[in-house]
Amino acid sequence: MKLFYSAVFLLFGLVPSFAQAPISKDAPGVWRSVPVKEISGSRMVAITGICDALGYRWQWDRFTQRLSCTINTTRLSFIQDNRFYTVNDKVFQLQSAPVRHCGALYIPLQIASEIFGDSGDALRLNSSTGTISASKSRFSILSVLCDKKQNGTLLTVNLSDSLPFDFIYYYPNLTLNFFGGTIDTQKIKQGRVGLVKSVSAVQFKESAQISVILASQIEEPEIDYVQDTKTLMVSLKQLKPVTKPVKEKAAVTDIQSQKIKTIVIDPGHGGKDPGAIGAKGVREKDVVLGIGLYLRELLKMKTDLNVYMTRDKDVFIPLSERTKFANNKKADLFLSIHADAVPGNSKRKEAAKGYKIYFLSQAKNEEDKLAAMRENAVIELEDRPQNYSSLQNVLIDLAGNEYLRESQDLCILLDQKFNVSLKKKISKLHLGVGQANFWVLNGTYMPSVLIETGFISNVAEEKLLADKNFQKEMAKAIFEAVTSFQDKYESGL
Ligand SMILES: [Zn+2]
């Protein structure tokens, strides 16, 4: 079953090609007052004044006396001396009709702030002075709207600027990452609408994330980006139940079933490299060796796999040697076992907890990038660290990417097993599955994953990871995921 989709999109800004109205050059976050006039005893504001302050396009049609404004995907239309106005062709009513004054259409202040207040930008009404000021949103992700449609749910993300983004779907999570994006985490929130259970926002140092929790499984999301309006549209459609199992079965024979014969277990670090060290002195290299040895025992006892370990004692092995070892053994699976740690104060150490399983790819967010940097830091301890420097700017090894799908599958199976068997003891870190550029996974010619079993920098998890019983339970969960993976691939499904 398809469970996991991800993709990266790069968008390049184009020069705007409209010229109806001047675009405000005001910087985001800067408040600019909009001229207000007293007309027939009430404080009124020019609609075009608001548009100019916020950089919205507007157009005046003198024949129909209609003023149209475009805010991202929303089109507002006002008619002189007419109480009806439209929002995307839906008709609404004003308390009083817009009036023409000195060549512009005016509406009461209060109404203006209500109508334009939803745009993602900000209008600030000062009722005591009777003035209004407008500010371009400081955020590059302006709004997220959910609409229930006949055949699914449409998620619309309005941006102030074209941003490179990617998405990852792993039920029930659909995550959109915007690189270099900024988002108002207070404002971007949404409850249940159609297939969407909730929407929330996370601001990372170098990216912004929209996190959607889905109410039910969906087909692969369809994503469209409209350059002109800087709008990202994500179509969500309910996953159709498989109605023709017979046909599915027939198709299976086309897929080459693959026998999994050899597995390499790679306990991280060792020897002069202790890996992460906890406050109580627990060392990553000992924890991961413990788990690795239990895993080997289980696999040898219960399967007929050839099982190898990159190390089964406390020795130092360079990262590239580990990869080479797995390739030489013609391994069908490569499992690297680690424990993570964060630097910083006790509050931060307490907050960082949980397991996460990674496959090799470019990191999508700050958290995954940092995890990879911490694990890659061992290169500094190696005799010839310069061996890696030339790789620094090289993109992911294509040979490794050949097994991307399988590696993702294995990650998902591991996450599922952990989620069931270890749930009472350890939580998952965010999605439980991530991707980043770990050197130890780079250049392996087989499905490869890296398991961050937990945070040794977290007091509770340090204790847990040092516990032999927990190490056994974790080894058992990994063992179960490996056998599930074996079943899945050997049956050709
Ligand atoms: Zn490690």
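Start by selecting helix H2, residues 109-116: six of its eight residues are buried, so the rest of the structure largely encloses this helix. To see which ones, colour Leu109, Ile111, Ala112, Ser113, Ile115 and Phe116, the buried residues of H2. Keep in mind throughout that this is a predicted model.

**Zoom out for a moment**

Show the whole chain as a cartoon. You should be able to count 12 helices and 27 strands in the protein. Of its 493 residues, 50% are buried. Now think about contacts with a sequence separation of 6 or more: residues 24 or more positions apart account for 68% of them. Several of the stops below show contacts of that kind.

**The zinc site**

Next, select the zinc ion and show the side chains around it. Which residues coordinate the zinc ion? His269 comes in through NE2, Glu284 through OE, His338 through ND1, and Glu375 is listed twice, each time through OE, with distances of 1.9 to 2.5 Å. Along the sequence, the donor residues follow the spacing H-x14-E-x53-H-x36-E. Two of the donors tie distant parts of the chain together: His269 sits in the loop between strand S22 (262-267) and helix H4 (284-302), while His338 belongs to strand S24 (residues 333-340), 69 residues apart. Switch on a surface and look for this pair: His269 is buried, and so is His338.

**Along S22 and H4**

You already have S22 and H4 on screen, so stay there. Pick Thr262, which is in strand S22. Its relative accessibility is 7%, so Thr262 counts as buried; the cut-off is under 20%. Leave out sequence neighbours within four places and show what Thr262 contacts: Leu305, Asn306, Tyr308, Lys329, Lys330, Ala331, Asp332 and Leu333.

Then move to Gly292, in helix H4. Is Gly292 buried or exposed? Its relative accessible area is 0%, so Gly292 is buried. Beyond residues up to four places away in sequence, Gly292 touches Ile265, Met309 and Ile337. For a distance check, draw a line from Gly292 to Thr310: the two are 18 residues apart in sequence, and their C-alpha atoms are 9.9 Å apart in space.

**Val449 in S27**

Now select Val449, which lies in strand S27 (residues 448-455). Val449 has 0% relative accessibility and is therefore buried. Show its contacts, skipping residues up to four places away in sequence, and you get Phe334, Leu335, Ser336, Ile357, Tyr358, Ser407, Leu410, Cys411, Leu414 and Leu441. Ser407 makes a handy second distance check: Val449 and Ser407 are 42 residues apart along the chain, with 6.1 Å between their C-alpha atoms.

**Thr175 in S17**

Jump to strand S17 (residues 173-179) and find Thr175. Thr175 counts as buried because its relative accessibility is 3%. Setting aside residues up to four places away in sequence, Thr175 touches Asp166, Phe167, Ile168, Gln209, Ile210 and Leu431.

**Two cysteines without a bond**

Select the cysteines next. How many disulfides does the structure hold? Zero. Cys51 is in no disulfide, and the nearest cysteine sulfur, that of Cys69, is 3.6 Å away. Why is there no bond between Cys69 and Cys51? At 3.6 Å, the sulfur of Cys69 is too far from that of Cys51, since a disulfide needs the two sulfur atoms within 2.5 Å. Check the surface here too: Cys51 is buried, with a relative accessible area of 0%, and Cys69 is buried with a relative accessible area of 0% as well.

**Last stop: H11 and H12**

Finish with helix H11 (residues 459-466) and helix H12 (residues 468-490). Their axes come within 5 Å and cross at roughly 80 degrees. That angle makes H11 roughly perpendicular to H12. Turn on side chains where the helices meet: Leu464, Leu465 and Ala466 are on the H11 side, and Lys468, Phe470 and Gln471 on the H12 side. Colour the contact by class and you should find four nonpolar residues, one polar and one charged.

How values were computed: Residues numbered from 1 in each chain as written. Predicted model: local features only at pLDDT ≥ 70, side-chain atom pairs only at ≥ 80, totals over all residues. Heavy atoms only, no water. Donors = N, O, S within 2.8 Å, 3.2 Å for Na, K, Ca; no water. Helix = DSSP H or I, 4+ residues; strand = E, 2+ residues; numbered from the N terminus. Buried < 20%, exposed > 50% of the residue type's maximum accessible area, 1.4 Å probe, protein only. Contact = heavy atoms within 4.5 Å. Axes fitted to C-alpha atoms, helices over the stretch in contact; angles between N-to-C directions. Parallel < 35°, antiparallel > 145°, perpendicular 65-115°, else oblique. Nonpolar A, V, L, I, M, F, W, Y, C, P; charged D, E, K, R; others polar.
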